[in-house]
Amino acid sequence: MSTASVPLPNWITYGLIPLLNLIVAFLISGLVVWFIGESPLDALVLLLQGALGSGEGIGFTLYYATSFIFTGLSVAVAIHAGLFNIGSEGQAYVGGLGCALVALTLDHYVPWYVTMPFAVIGAAIFGALWAFIPAWLQAKRGSHVVITTIMFNFIASAMMNFLLVHILIVPGKMAPETRTFLEGGQLPKLGWLMDMFGSTIGAAPLNVSFLIALVMCFLVWVLVWRTKLGYEMRTLGLSPTAAVYAGIPYARTVIIAMLLSGGLAGMMALNPVMGASARLQVEFVLGAGFVGIAVSLMGRNHPLGIIVAAILFGILYQGGDALSFDMPNITRDMIVVIQGLVILFAGALEYMFRPALVRIYQTFART
Amino acid sequence: MDYYDLLISILGSTIRLSIPLIFTALAGLFSERAGIFDIGLEGKMLASAFAAACVASISGSPWAGLGAGIVVSVVVGLLHGFASITNRGNQIVSGVAINFLMAGLTIVLGQAWFGQGGRTPTLAATARFSGITLPGADAIRDVPFIGPLYANVISGNNILTYLAFLTVPISWWILYRTRFGLRLRAVGENPGAVDTAGISVEWLRYRSLIAAGILCGFSGTYLAIAQSAAFINNMSAGKGYIALAALIFAKWKPVPVMFTCLLFGFLDAFANFMQGKAVPGIGEVPVQIFQALPYILTCILLAGFIGVAKPPKAGGVPYTKER
């Protein structure tokens with residue numbers, strides 16, 4: 001019997017192994033910092049201070065985390081159905097169009113809390129539509145969803161560039177972006193949430209979409225573990241042949257899972273577009289769709305894990321900004337390195353330590 | 001300017017833009033034919049471009065740069081192998097990780113070493129692969145029709161360009177006429193059969209990744225020290241993914257790979273040329289349409305509307321011996 005099939009207790013599989021993977025990823029990042037002649041410990045302290053040392057820092061951290069929760073959920077929902085959605089980036093970008101169109105239409109007439117539900121729906125529908133074609137191609141024509149979603153990221157980028165440069169741009173302005181939304185199209189900041197903890201939010205763009213993200217976490221948990229559809233998705237993810245044999249409709253389940261995934265990715269746009277900048281800008285997603293992959297892998301595709309992982313990446317993003325300010329030798333791109341290492345160790349090398357752990361566990365279990 | 005001169009200049013830039021695609025798509029061909037999905041082409045290109053630019057700027061020799069580019073790209077390929085062959089990790093996740101790692105690492109290291117925001121110092125002409133004038137190019141230049149084609153499109157390219165076109169038949173020969181190629185294709189279709197024949201699936205797949213690494217080394221080097229004179233942040237700019245699209249569009253076959261890359265290169269060159277120009281009767285065609293066209297074409301092909309693209313059967317599945 002190979003070591004891969006030896007059962008291990010849950011706390012090792014869901015606690016220790018991810019933690020070990022994460023520690024190795026951070027150790028190697030530390031080595032990179034050390035290699036370019038800075039102290040990894042100093043860097044860590046600066047990073048944590050920048051991210052958590054002030055109300056404003058925490059506000060920025062949670063702002064980034066909000067986007068990552070949405071994209072992390074997006075990737076996770078697809079993974080539960082056995083689909084690897086690399087297209088969250090493009091789906092979020094197109095979702096931005098949906099929520100911007102709603103905001104641009106309604107902001108003259110109604111207050112933000114009326115605009116918000118429509119914007120949520122608009123963003124979700126546009127994101128879901130962008131996921132629909134790859135989903136349909138996978139379900140009906142057998143083209144691999146990984147490849148088509150990659151292609152759709154690029155197509156989304158070209159399409160949105162075209163729209164922003166030629167159609168949505170404010171006449172007479174140079175910057176390819178829409179007009180600034182009025183108050184009726186802006187999501188209010190969560191200043192009161194920070195006040196509750198006795199600190200001030202400052203310039204941080206933490207906004208109501210953070211709460212929407214938390215609600216979505218709960219809804220995804222209900223969907224995946226408490227509904228028939230979720231059960232069908234998970235069955236499909238574990239074994240497509242068994243699922244089909246059991247009478248679960250393959251095409252329908254694949255398409256619904258991808259629509260949900262795309263919708264969640266699209267909703268990420270609420271945070272930067274309506275929450276932070278109050279306008280639709282070129283490339284506003286800034287890689288959050290790809291961070292979602294790391295977040296989902298690290299959080300083991302569970303909403304709770306995703307919240308923790310998203311906050312961790314929020315700390316990295318905000319702390320990384322502060323760090324690059326204090327240590328000019330370390331650029332912001334160090335975050336991308338850490339992100340890559342997290343994906344590598346938490347995703348691709350997930351079970352590297354498993355055989356060793358099995359051996360250790362068996363030694364201890366016997367005594 | 002008459003139309004023929006225009007055509008010549010577009011063809012010239014088509015060749016220049018196609019070369020990195022040809023090398024990279026052939027790299028993907030070796031790896032995917034052996035059953036290893038290679039999303040990390042982009043990362044390998046970036047890593048080798050950075051290594052080539054660094055070493056060329058320190059040593060002043062383009063050949064040393066090429067060597068470094070190849071070595072680094074092979075090492076990245078081995079990392080992909082370690083994750084997806086030895087540890088049976090998800091090949092796509094591993095490829096995505098490599099793309100991130102290299103996108104970040106090249107800028108972090110570049111900034112730390114050269115302090116120019118991730119750029120490497122501009123190379124002197126002697127540290128680059130510069131254009132080679134083929135014999136008779138100047139003599140024939142004024143001959144109508146053939147002259148400009150020979151002098152400005154076929155002649156005057158750097159050595160890597162000619163090498164790229166040479167790599168196509170070589171790859172074909174390796175894949176279809178050698179024992180290694182036969183086994184490589186077999187391991188991508190049915191690794192169990194190869195294993196039963198007593199050949200190591202793992203070692204074969206590692207060798208296919210090494211071959212892919214070498215080819216990506218050429219493409220990265222081309223970007224950094226043949227086409228440009230320095231490494232610039234994220235200079236592969238999605239070319240790894242276009243090459244992946246080209247590979248699929250060419251249905252995982254070497255000669256069609258070359259033609260697809262030339263087609264995608266032509267679209268790119270044509271888009272650059274058309275920027276800000278109006279087509280009679282239609283008006284200005286947005287450049288974004290040309291940018292999106294390779295991806296749209298690939299999706300249409302994948303959907304089976306223009307022929308069927310059938311990937312190697314065992315692609316993406318790690319091989320487990322005991323079953």
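**A buried glutamate in chain B and the interface between chains A and B**

In this predicted model, B:Glu42 is buried yet takes part in no salt bridge, the nearest side chain of opposite charge being that of B:Lys239, at 8.2 Å. Because a salt bridge requires a side-chain nitrogen of Lys or Arg within 4 Å of a carboxyl oxygen, the separation of 8.2 Å from B:Lys239 leaves B:Glu42 without one. The residue belongs to helix α2 of chain B, which spans residues 41-59, and a polar atom of the side chain of B:Glu42 lies 2.8 Å from the backbone nitrogen of B:Gly238. When residues up to four places away in sequence are not counted, B:Glu42 touches B:Asn99, B:Asn234 and B:Ser236, together with B:Ala237, B:Gly238, B:Lys239, B:Gly240 and B:Tyr241.

Between the two chains, 43 residues of chain A are in contact with 41 residues of chain B, and about 3,500 Å² is buried, 83% of it on carbon and sulfur atoms. On the side of chain A, A:Met151, A:Phe154 and A:Ala348 lose the most area to chain B, together accounting for 16% of what that side buries. The count of salt bridges between chain A and chain B is zero, while one residue pair is in polar contact, with both residues at pLDDT 80 or more. Helices α1 (10-35), α5 (112-141), α6 (145-167), α13 (288-298) and α15 (334-348) of chain A each supply at least two residues of the side that touches chain B, and α6(A) gives the most, with 13 residues.

As to confidence, chain A averages a pLDDT of 89, and 98% of the residues score at least 70. Within chain A, the mean is lowest in helix α7 (residues 191-196), at 79, and highest in helix α8 (residues 209-226), at 95.

Note on methods: Residues numbered from 1 in each chain as written. Chains lettered and ligands numbered in written order. Heavy atoms only, no water. Helix = DSSP H or I, 4+ residues; strand = E, 2+ residues; numbered from the N terminus. Buried < 20%, exposed > 50% of the residue type's maximum accessible area, 1.4 Å probe, protein only. Lys, Arg positive; Asp, Glu negative; His and termini not counted. Polar contact = N/O pair within 3.5 Å; in protein donor to acceptor, adjacent residues only side chain to side chain. Contact = heavy atoms within 4.5 Å. pLDDT = per-residue confidence, 0-100. Buried area = accessible area lost by both parts, 1.4 Å probe.
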